[in-house]
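Got the viewer open and the cartoon on screen? Good: let's walk through this one stop by stop, selecting as we go.

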Amino acid sequence: MSEKAGGPATRARRTAEPARRGDPVAEEAAELLDSQAVPGMAVAAERAMMDRALRITPARTELRVSNQPGFVLHAWPYRETSLILDVFTRDHGRMAMVAKGAKRPHSALRPVLQHFHPVSLSWSGRGEVKTLTRAEYVGGMPPLAGDALLSGFYLNELLLRFCPREDGHPALFRHYMATLTRLGQGEAAALVLRGFERVLLQETGFAVAFDRCAGSGEPVQPGLDYVYQPERGVRRAHASDPSSWPVVSGQTLLDMSRDDYGRAQTASQSRALMRFLLHYYLQGIPLKTRQILIDLQYL
């Protein structure tokens with residue numbers, strides 16, 4: 001009896017066929033990333049948070065995207081003339097792609113694929129590592145230098161840790177652009193970064209509203225004390241709460257919701273709260289750039 005269409009053998013053939021038509025460079029890049037630790041990450045848990053499984057996915061339909069706003073988060077050298085990029089795009093989130101020939105001295109991609117440059121990206125491919133087909137510098141943002149540049153790399157490390165690949169976050173992308181602009185204009189890094197941390201945790205689903213109590217939905221009152229219970233949200237502070245949970249005033253939580261860090265108490269308490277939440281959700285794995293900023297007393 002002949003096998004029905006869509007049976008196991010047919011599905012196996014459908015799964016195998018696209019792999020032979022894939023870009024061999026992109027497939028090799030995916031295998032390379034999957035077999036080696038990401039540079040600078042010695043702990044296995046960190047590797048997991050950086051999406052260690054960058055394998056080719058043969059069953060996917062080839063994707064072609066044109067003129068997508070984005071930024072380069074990180075780049076690895078690949079072969080003698082190419083780069084593997086981790087980029088953050090407006091509609092597709094984090095993407096991995098190979099930029100063929102980007103390391104050549106006269107490559108048009110070389111000056112474009114720089115950190116904190118707003119770029120327009122086009123790519124194609126069916127695996128998790130796509131092939132970059134075009135990149136153009138868009139401009140329109142102030143350059144980062146000094147403390148602002150270091151703060152920018154801190155933003156990138158947060159995105160690499162908290163954002164899964166191919167999961168679009170348009171609101172977070174807009175806030176990332178706005179944060180880079182504010183840093184480039186010389187605003188106080190500690191206060192600017194605090195707002196980004198809050199938006200990041202909320203947009204990626206790690207945190208909920210700061211101006212309402214979890215469960216009851218009651219509005220936070222400025223004159224009362226609260227804690228942020230991990231995995232649940234804001235609630236009134238109790239004497240039995242763990243000592244590691246920062247107690248913050250309702251006014252601080254309301255100010256954070258409005259991205260207003262002008263009060264001295266808000267600046268201090270929000271710093272303690274964000275340190276606690278980031279440490280919790282990163283399972284104690286330190287952020288390298290954050291520690292540098294703390295040592296320099298910018299956070």
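**Stop one: helix α7**

Select Gly 250, Gln 251, Thr 252, Leu 253, Leu 254, Asp 255 and Met 256: these are the buried residues of helix α7. Buried here means under 20% relative accessible area, exposed means over 50%, and partly exposed is in between, using a 1.4 Å probe and protein chains only. Helices (H or I, at least four residues) and strands (E, at least two) are DSSP runs, numbered from the N terminus.

Before going further, note that this is a predicted model, where local features need pLDDT of at least 70, side-chain atom pairs count only at pLDDT 80 or more, and totals for chains, interfaces and linings use all residues. Residues are numbered from 1 along each chain as its sequence is written, and side-chain values use heavy atoms, with hydrogens and water left out.

Back to α7, which is mostly covered, with 7 of its 8 residues buried. What do those buried residues pack against? Show α6 (189–203), β6 (225–229), β7 (233–236), β8 (248–249) and α8 (264–281), and you have the surroundings. Contact means heavy atoms within 4.5 Å.

Now zoom in on Thr 252, which sits in α7 (residues 250–257). Is Thr 252 buried or exposed? Its relative accessible area is 0%, so Thr 252 is buried. Add Gln 265, Thr 266, Gln 269 and Ser 270 to the view: Thr 252 touches these, not counting residues up to four places away in sequence. With Gln 269, the side chain of Thr 252 makes a side-chain polar contact at 2.7 Å. (A polar contact is a pair of N or O atoms within 3.5 Å; within protein, one must be able to donate a hydrogen and the other to accept it, and residues adjacent in sequence count only if both atoms are side-chain atoms.) Just after α7, click on Asp 259, where phi is positive at about 60 degrees.

**Stop two: a three-stranded sheet**

Next, select β6, β7 and β8. The 3 strands make an open sheet in the order β7-β6-β8, with antiparallel pairing. β7 and β8 are the edge strands, each pairing on one side only. Strands pair if DSSP finds at least two bridges between them; β6 and β7 are joined by 4. For one of these bridges, label Val 227 and its partner in β7, Arg 235.

In the loop between β6 and β7, find Glu 231. Glu 231 is not a glycine, yet has a positive phi of about 75 degrees. With 57% relative accessibility, Glu 231 counts as exposed.

**Stop three: strand β1 and its partners**

Jump to β1 (residues 63–78). One partner is β4 (residues 119–125), antiparallel to β1 and joined to it by 6 bridges; look for Leu 63 across from Gly 125. β2 (residues 82–89) also pairs with β1 in the antiparallel sense, over 8 bridges, with Pro 77 opposite Leu 83. The β1–β2 hairpin has 3 residues between the strands, and there Arg 79 takes a positive phi near 55 degrees.

**Stop four: the core**

Color Leu 159, Tyr 176, Phe 210, Leu 273 and Leu 277: among the 48 residues of the largest nonpolar core, these touch the most other members. (A nonpolar core is a set of buried Ala, Val, Leu, Ile, Met, Phe, Trp, Tyr and Cys residues joined through side-chain atoms within 4.5 Å.) Apart from it lies another core of 17 residues, including Val 65, Met 97, Leu 109 and Val 112.

**Stop five: aromatic rings**

Rings of Phe, Tyr and Trp (its six-membered ring) pair if their centres lie within 6.5 Å; planes under 30 degrees apart count as stacked, over 60 as edge-to-face and the rest as tilted. By this rule there are 10 aromatic pairs. Try Phe 71 and Phe 173: their centres are 5.7 Å apart and their planes at 50 degrees, so this pair is tilted. Phe 71 belongs to β1 and Phe 173 to helix α5, 102 residues apart. Both are buried, Phe 71 at 1% and Phe 173 at 2% relative accessibility.

Then pick Phe 162 and Phe 206, an edge-to-face pair with 5.1 Å centre to centre and 85 degrees between the planes.

Finish by selecting Phe 71, Phe 88, Phe 173, Tyr 176 and Phe 196, a cluster linked by ring pairs.
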